[in-house]
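Reader: I've got this one open on my screen and I'd like a close look at a single part of it. Could you pick a spot, walk me through it and then show me what surrounds it?

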Amino acid sequence: MGKQTYYLAASPDYVAQYGKPQSPSDLATHRCLIYSGYSGNNQWYFKSLNQSWYQQSLSPSLVSNNAEALLVSAINGMGIILFPDWLIGKYLKEGKLISLLGKYEVAIKKEPQNISALYPQARHHR
């Protein structure tokens, strides 16, 4: 089990056209792409050094329960996403997405989120 880390990210094309937000409150003027799961729209929380978590109100441009659709939309310059490292890490490394608001810790919940690997039951593990 490990800690799940989230990143706020957008494509270089989006940043070139709309600029980088400098603070979470700037997101009110940006195109935010929000994942909506079984418990509703994900909330976006921010925390700066020695501060408490706070929720940033958003007016999303796109809401979907399909993470891949939101990821493709972000890569194609349609807006900003907040996703875990295991989902977007590859695209950050390749430069298809740029991490935003790096001086803030970001998450979809105030409590730490963990991730686990599950393996099918098998006679021999490789």
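Author: A quick definition before we go in: strands here are DSSP runs of E at least two residues long, and helices are runs of H or I of at least four, both numbered from the N terminus. With that numbering, leucine 101 sits in the loop between β9 and β10, and that loop is where I'd like to take you. Bear in mind that this is a predicted model.

Let's get our bearings. The protein chain has 3 helices and 11 strands, and along the sequence they come in the pattern β-β-α-β-β-β-β-β-α-β-α-β-β-β. Of its 126 residues, 36% count as buried. If you take the contacts between residues at least 6 apart in sequence, 73% of them join residues at least 24 apart.

Now the loop itself. Leucine 101 has a positive phi of about 50 degrees, although it is not a glycine. Most residues other than glycine have a negative phi. Where does leucine 101 stand, buried or exposed? The cut-off for buried is under 20% relative accessible area, and leucine 101 has 8%, so it counts as buried.

You can set asparagine 50 beside it. Asparagine 50 also isn't a glycine and has a positive phi, of about 60 degrees, but its place is the loop between β5 and β6. Exposed means over 50%, and asparagine 50 is at 72% relative accessibility, so it counts as exposed.

Back in the β9–β10 loop, tyrosine 104 is the next residue to click on. Phenylalanine 46 and tyrosine 104 make an aromatic pair, edge-to-face, with 6.4 Å centre to centre and 90 degrees between the planes. The pair brings together distant parts of the chain: phenylalanine 46 belongs to strand β5, tyrosine 104 to the loop between β9 and β10, and they are 58 residues apart. Both phenylalanine 46 and tyrosine 104 are buried. Add Tyr54 and you have a cluster, since ring pairs link Phe46, Tyr54 and Tyr104. The count of aromatic pairs comes to 3.

Which residues does phenylalanine 46 touch, leaving aside its neighbours within four places in sequence? From the β9–β10 loop, Leu101 and Tyr104 are both in contact with phenylalanine 46. Its other contacts are Leu8, Pro24, Leu27, Ser52, Trp53, Tyr54, Gln56, Glu105 and Val106.

Phenylalanine 46 also turns up in the largest nonpolar core. That core has 20 residues, and the ones touching the most other members are Leu8, Leu27, Trp44, Phe46, Ile80 and Leu82. The elements giving it two or more residues are β2, α1 (12–18), β5 and β10. Another core, of 10 residues, lies apart from it, and Ala9, Leu33, Leu70 and Ala74 are among its members.

Next, look at the strands on either side of the loop. On the far end, β10 belongs to an open sheet of 3 strands in the order β6-β5-β10, with antiparallel pairing. β6 (54–56) and β10 (105–107) are at the edges with a single partner strand each, so one side of each has no neighbour in the sheet. Neighbouring strands in this sheet are turned by 35 degrees against each other on average, direction ignored. Strand β5 (residues 44–47) pairs with β6 in the antiparallel sense over 3 bridges, and tyrosine 45 has glutamine 55 in β6 as its bridge partner.

On the near end, strand β9 (residues 98–100) runs antiparallel to β2, joined by 3 bridges. One place to see this is alanine 10, whose bridge partner in β9 is isoleucine 98. β2 is also joined to strand β8 (residues 81–84), again antiparallel, by 4 bridges, and there tyrosine 6 stands opposite proline 84. Because 4 of the 5 residues of β2 (residues 6–10) are buried, the strand is largely enclosed by the rest of the structure.

One last stop, helix α3 (residues 85–94). Its buried residues are Ile88, Gly89 and Tyr91, and what covers them includes β2, α2 (67–75) and β8. After α3 comes glycine 95, which has a positive phi near 85 degrees.

Definitions and conventions
Residues numbered from 1 in each chain as written. Predicted model: local features only at pLDDT ≥ 70, side-chain atom pairs only at ≥ 80, totals over all residues. Heavy atoms only, no water. Buried < 20%, exposed > 50% of the residue type's maximum accessible area, 1.4 Å probe, protein only. Contact = heavy atoms within 4.5 Å. Pairing = 2+ DSSP bridges. Axes fitted to C-alpha atoms, helices over the stretch in contact; angles between N-to-C directions. Phe/Tyr/Trp six-rings, centres within 6.5 Å; stacked < 30°, edge-to-face > 60°. Core = buried A, V, L, I, M, F, W, Y, C linked by side-chain atoms within 4.5 Å.
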